[in-house]
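Thank you all for coming. Please have the sequence and the model open in front of you, and we will go through a few places in turn.

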Amino acid sequence: MHRILAAVLAASACAPSLQAQSNPPSSAEPALTLNEALMAAGATSPAIEAAKSGVTAAQAQRTVAGLRPNPSLDTMAENVAGSGVYNGLRSTETTVGLSIPVELGNKRGARVAVADAQLDRATLDAAMTRADLRLRVTQAYNDAAAAERRLANAREQVGIANEVLRGAKVRVSAGRASPLEEQRADVARLNAQGAAERAERSASVAMGNLARLIGRGATALDAAWFARIDTMGPRRPASGQDTLAGATAQADLTTATAQVRLARSQRIPTVTAGAAARRLEATNDTAAVFSLSVPLPLFNSGRAAVDLASAQRQQADAQRRVALLDVEQAIASATAEADNAATTARNANGPTLAAAQEAARIARIGYREGKFGQLDLLEAERTLADTRAAAIDALAAYHDAQARLERLTAPAPTDAKDAR
């Protein structure tokens with residue numbers, strides 16, 4: 001074991017000049033980039049379509065809220081089929097007129113205010129849907145890229161194991177080693193092949209999940225994106241109010257406030273005014289008839305509805321403050337997690353990986369020259385495989401943390417009307 005330790009020490013001195021991570025095999029077809037995947041998902045996602053339909057419905061509701069009440073056509077026949085002079089239709093009085101509700105208390109303006117708030121909320125829902133889809137696609141792309149890298153490394157380990165087995169056979173045939181070395185090398189080869197098969201299935205599932213999410217397949221992904229570690233994170237707002245979550249909570253409060261205004265306007269009765277013409281059958285004369293109908297708020301004054309709306313507004317205000325507190329705490333935690341993941345990824349894909357690669361290279365050379373034993377070689381190869389796996393896991397964790405942080409800090413539309 002002291003030999004392999006010496007090899008690791010020698011590798012550490014050579015580490016800065018080595019490549020941080022082996023690249024996966026290139027493909028003739030251009031690699032699918034993350035931006036292309038996001039565009040494809042946005043064009044085919046049913047969630048985006050549902051969000052757009054929600055905005056369209058809110059716009060239609062806004063139009064409905066601005067409409068005035070329809071007038072009514074009133075027709076009435078009196079003094080029909082009675083007795084005496086009222087027998088038959090001789091004394092019929094026929095009245096035909098129009099009546100129209102007159103909304104007092106600016107009820108129409110209150111309805112429009114509620115509809116506007118709901119439209120803004122639907123617009124924010126659409127923005128949140130797009131942000132959620134971006135997170136899902138990024139995470140699926142990250143999983144697929146990591147699985148692709150794991151598969152490339154697993155196949156490389158199979159090639160290394162085959163080389164070790166061939167070397168062991170040569171040493172055994174020449175009488176320089178016992179058959180036990182060949183057996184150990186064969187076991188290592190079988191283990192490497194099994195790991196490659198598992199990695200291939202995992203990569204196939206990850207690529208399939210990505211293809212289902214974006215509506216198209218891909219044979220290769222952007223390896224440079226997966227290997228890149230940004231030095232600067234996304235724009236992080238100083239307050240949760242600038243985020244989608246904060247804007248959504250504020251939109252709920254605005255809607256609740258508009259509901260209070262609407263409930264108060266409903267307490268003012270709606271007067272129905274009418275004008276009609278009455279024809280007197282007996283004298284063949286015509287007279288005008290005017291009417292005014294005012295509801296009496298004896299049993300329902302509307303006060304209970306105002307109290308209900310006020311309580312709901314207080315609840316929305318409290319929930320807004322809770323949402324702002326939660327999102328600011330989540331951003332702080334996600335920021336620290338993303339920074340820690342970046343540090344881990346840089347270390348795992350830098351000197352640590354380079355040292356493990358150099359140690360394995362020295363062990364292979366020493367094994368061929370008879371300076372190192374087979375156990376030293378197998379230990380170096382196992383250390384390299386574990387280090388590569390840790391490096392890939394660190395990169396995957398970094399990109400996942402970055403994607404979740406970007407979702408938390410996704411800015412709200414500056415103007416809801418422009419966002420539509």
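If we set aside the neighbours of Val-137 within four places in sequence, then in this predicted model Val-137 is in contact with Ala-37, Leu-38, Ala-41, Leu-210, Leu-213 and Ile-214. Val-137 is also among the residues with the most contacts inside the largest nonpolar core, a set of 50 residues, and it shares that position with Tyr-141, Leu-210, Ile-214, Leu-221 and Phe-226. Several helices supply at least two residues each to this core, including H2 (34-44), H5 (179-214) and H8 (303-348), while the largest share, 12 residues, comes from H4. Apart from this core lies another one, of 10 residues, and among them are Ala-168, Ala-185, Phe-372 and Leu-377.

Let us turn now to Arg-176, which you will find in the loop between H4 and H5. Is Arg-176 buried, partly exposed or exposed? Its relative accessible area is 49%, and therefore Arg-176 counts as partly exposed, because the term exposed is kept for values over 50%. Leaving aside its neighbours within four places in sequence, Arg-176 is in contact with Arg-171, Arg-368, Glu-369 and Gly-370. With Gly-370, please notice that the two residues are 194 apart along the chain, although their C-alpha atoms are separated by 8.9 Å.

Finally, let us look at the surface, where Ile-100, Val-102, Leu-104 and Ile-268 form a nonpolar patch that has, together, about 280 Å² of accessible area. Val-102 belongs to strand E2, residues 93-102, and Val-102 is partly exposed, with a relative accessible area of 35%.

Note on methods: Residues numbered from 1 in each chain as written. Predicted model: local features only at pLDDT ≥ 70, side-chain atom pairs only at ≥ 80, totals over all residues. Heavy atoms only, no water. Patch = residues over 30% accessible without salt bridge, like charges linked within 9 Å, V, L, I, M, F, W, Y side chains within 5 Å. Areas by Shrake-Rupley, 256 points an atom, 1.4 Å probe, with all protein chains shown as cover. Salt bridge = Lys/Arg side-chain N within 4 Å of Asp/Glu carboxyl O. Helix = DSSP H or I, 4+ residues; strand = E, 2+ residues; numbered from the N terminus. Buried < 20%, exposed > 50% of the residue type's maximum accessible area, 1.4 Å probe, protein only. Core = buried A, V, L, I, M, F, W, Y, C linked by side-chain atoms within 4.5 Å. Contact = heavy atoms within 4.5 Å.
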